[in-house]
Amino acid sequence: MAPDEKPPRASSDRIEWFTVSYRTLWLAALVLVLLAAAGWYLFGPRRTPAPPPLPAAVKTGARFEHIEGSVEVKREGTLEWIPATRAVVLRQNDLVRTRSGSSAEIHFTDGTVFNVRPDSLITIEESSQNPVSRQQRTALSIQSGEANFQTAARNVPGSTTISTPTVRTTADRETAGSIQVAQSGATGVRIFRGQGEAQTRGGQRIALASNQGVNVDAAGAAGATLKLPTVPALTAPPNQTEVAYPDLAQGVTLLVWNGVPGVTGYRVLVDYSPGFARPLYDRLGVRATQMELRALEAGSYFWKVAAVDANGAEGGFSDVWRFTLTKAAQSTTPPPALVLEAAELKGNILHVRGHTEPGSRVTLNEERLEVQPDGSFNEFVTFDAGPGATVVVRATSPRGAASEQRRRVTVAN
């Protein structure tokens with residue numbers, strides 16, 4: 001071929017054609033992939049994103065229900081003590097301090113109630129709920145002093161624990177008890193109703209049932225399980241009753257309760273407040289099942305009783321009852337005649353016999369007796385106070401006037 005001749009273009013044109021075709025196919029495939037991806041994104045099935053994990057527990061806090069006297073709170077991480085109020089929400093690691101003559105009732109969200117007694121220092125350790133299982137945990141520690149407790153209802157899942165420097169107590173649902181802590185750390189654990197378990201710092205485990213207790217010394221060693229007296233039942237004056245005296249200075253109010261077998265005495269508390277932080281009366285060693293209160297001022301009074309055995313072990317307190325004293329209006333209506341012929345005891349049965357004005361209402365220690373149409377009454381009632389105890393028989397006429405007689409019980413011949 002001559003030098004000035006051009007080479008044939010067939011093969012080069014073929015190469016160029018293949019190159020262009022390859023690029024076209026590659027671009028077409030890329031477009032198809034992008035279109036498929038867009039279609040899948042727009043029309044394909046949607047996957048719901050996994051929900052964030054639930055927290056293991058939600059903090060629920062606790063609140064004051066009743067505050068009496070000087071009660072203070074120190075928040076976690078602070079140095080200042082602030083006055084306790086019902087608006088304060090107690091959180092984990094908050095401290096509560098009650099001064100002398102002061103008390104506080106703390107309610108947790110699961111229904112557990114702690115009544116913190118005077119001169120006590122406690123820490124809120126936990127108040128939480130698991131959002132899945134609904135398990136609620138309530139924990140409180142007592143550095144010194146005393147707290148009475150009532151755990152949540154049986155149908156509320158969860159647990160309640162009370163710790164001291166020497167022992168940790170886990171109380172079952174619907175359990176009532178008391179924890180007392182000395183400055184040394186020695187602890188008394190009492191279960192009045194329900195059951196629980198005390199685990200000492202030394203590793204001992206003590207199961208406690210109703211009316212049982214244990215003392216743990218400052219070194220964390222537990223003594224023998226204690227048997228506690230049962231709880232007395234109050235009988236008079238009836239709860240929420242109102243008693244009127246023409247002359248309050250001469251008024252005598254008789255508190256009466258049922259006896260507890262095998263005990264040597266009773267502890268009686270009377271206060272203006274249901275917290276009993278500064279009791280008007282705190283009588284220990286009352287041997288009878290009644291106590292007279294004289295010359296009380298007008299107002300409301302709260303009272304409760306616990307039994308004490310020969311070893312000095314004190315059982316749980318009764319329910320708290322209230323009575324109110326008022327001054328009776330002066331009346332010109334004469335009181336009904338009241339004759340008490342007998343108040344004789346045989347065993348634990350008291351025979352009461354007498355008569356009054358027909359139509360009058362007659363009571364024995366605030367318990368109503370049956371009165372015949374002619375005004376006579378002749379009743380046999382259960383009586384646990386024993387010989388020498390005083391009974392109050394009161395007759396109230398249909399006109400509202402009243403007569404009252406007090407008689408010491410004698411033994412029937």
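# A tour of the predicted model

Among contacts in the chain between residues at least 6 apart in sequence, 53% join residues at least 24 apart. The model is predicted. Its chain has 413 residues, and buried residues make up 41% of them. Colour by secondary structure, and the chain shows one helix and 34 strands.

## Strand S21

Select residues 252–257, which form strand S21. Six of the six residues of S21 are buried, so the strand is largely enclosed by the rest of the structure. Show the side chains: Val252, Leu254 and Val256 point one way from S21, while Thr253, Leu255 and Trp257 point the other way.

Next, add the strands that pair with S21. Strand S24, residues 290–294, pairs with S21 in the antiparallel sense over five bridges. Within this pairing, Thr253 stands opposite Leu293. S19 also pairs with S21 in the antiparallel sense, over two bridges. Here Leu234 has Trp257 of S21 as its bridge partner.

## From S19 to S20

Follow the chain out of S19 (234–236) into the loop that leads to S20, and select Pro237. Which form does the peptide bond from Ala236 to Pro237 take, cis or trans? The bond is cis, with omega near -5 degrees. Most peptide bonds are trans.

Pro237 counts as buried because its relative accessibility is 2%, and buried means under 20%. Leaving aside neighbours within four places in sequence, show what Pro237 contacts: Thr253, Leu254, Leu255, Trp303, Trp321, Phe323 and Glu366. Among these partners, Thr253, Leu254 and Leu255 belong to S21, where they are buried. For a distance across the sequence, pick the C-alpha atoms of Pro237 and Thr324, which are 87 residues apart along the chain and separated by 9.7 Å.

Stay in the loop between S19 and S20 and select Gln240. Its phi is positive, about 70 degrees, although Gln240 is not a glycine. Most residues other than glycine have a negative phi. Gln240 is partly exposed, with a relative accessible area of 48%.

## Glu366

Now go to Glu366, one of the contacts of Pro237. Glu366 is placed in the loop between S29 and strand S30 (367–369). What is the sign of phi in Glu366? Phi is positive, near 75 degrees, in a residue other than glycine. The relative accessible area of Glu366 is 32%, so this residue counts as partly exposed.

## Ser360

Move to the other end of S29 and select Ser360, in the loop between strand S28 (349–356) and S29. Is Ser360 buried or exposed? It counts as buried, because its relative accessibility is 6%. A polar atom of the Ser360 side chain lies 3.0 Å from the backbone oxygen of Glu357. Beyond neighbours within four places in sequence, Ser360 is in contact with Pro336, Val371, Thr396, Ser397 and Pro398.

## The second largest pocket

Switch to a surface view and centre on Ala244, Tyr245, Arg394, Ala402 and Glu404. Of the 37 residues that line the second largest pocket, these lie nearest its centre. The pocket holds about 910 Å³ of space.

Which strands supply at least two residues each to this lining? They are S20 (241–245), S21 (252–257), S29 (361–364), S32 (390–396) and S33 (402–408). S20 gives the most, with five residues. Colour the lining by class to see 17 nonpolar, 12 polar and eight charged residues.

## The largest pocket

For the last stop, select Asn115, Arg117, Asn148, Lys304 and Phe317. The largest pocket has a volume of about 1,100 Å³, and of the 39 residues that line it, these five are the closest to its centre. Add the strands that give two or more residues to the lining: S2 (62–68), S7 (103–108), S8 (113–116), S10 (136–150), S13 (176–181), S14 (187–193) and S22 (265–271). By class, the lining of the largest pocket has 15 nonpolar, 13 polar and 11 charged residues.

Key. Residues numbered from 1 in each chain as written. Predicted model: local features only at pLDDT ≥ 70, side-chain atom pairs only at ≥ 80, totals over all residues. Heavy atoms only, no water. 1 Å grid on protein atoms, 1.4 Å probe; cavity = no way out; pocket = protein on both sides within 12 Å on 5 of 7 lines; lining within 4 Å. Points joined across faces, edges and corners; volume = space filled by probe spheres on them. Helix = DSSP H or I, 4+ residues; strand = E, 2+ residues; numbered from the N terminus. Nonpolar A, V, L, I, M, F, W, Y, C, P; charged D, E, K, R; others polar. Buried < 20%, exposed > 50% of the residue type's maximum accessible area, 1.4 Å probe, protein only. Contact = heavy atoms within 4.5 Å. Polar contact = N/O pair within 3.5 Å; in protein donor to acceptor, adjacent residues only side chain to side chain. Pairing = 2+ DSSP bridges.
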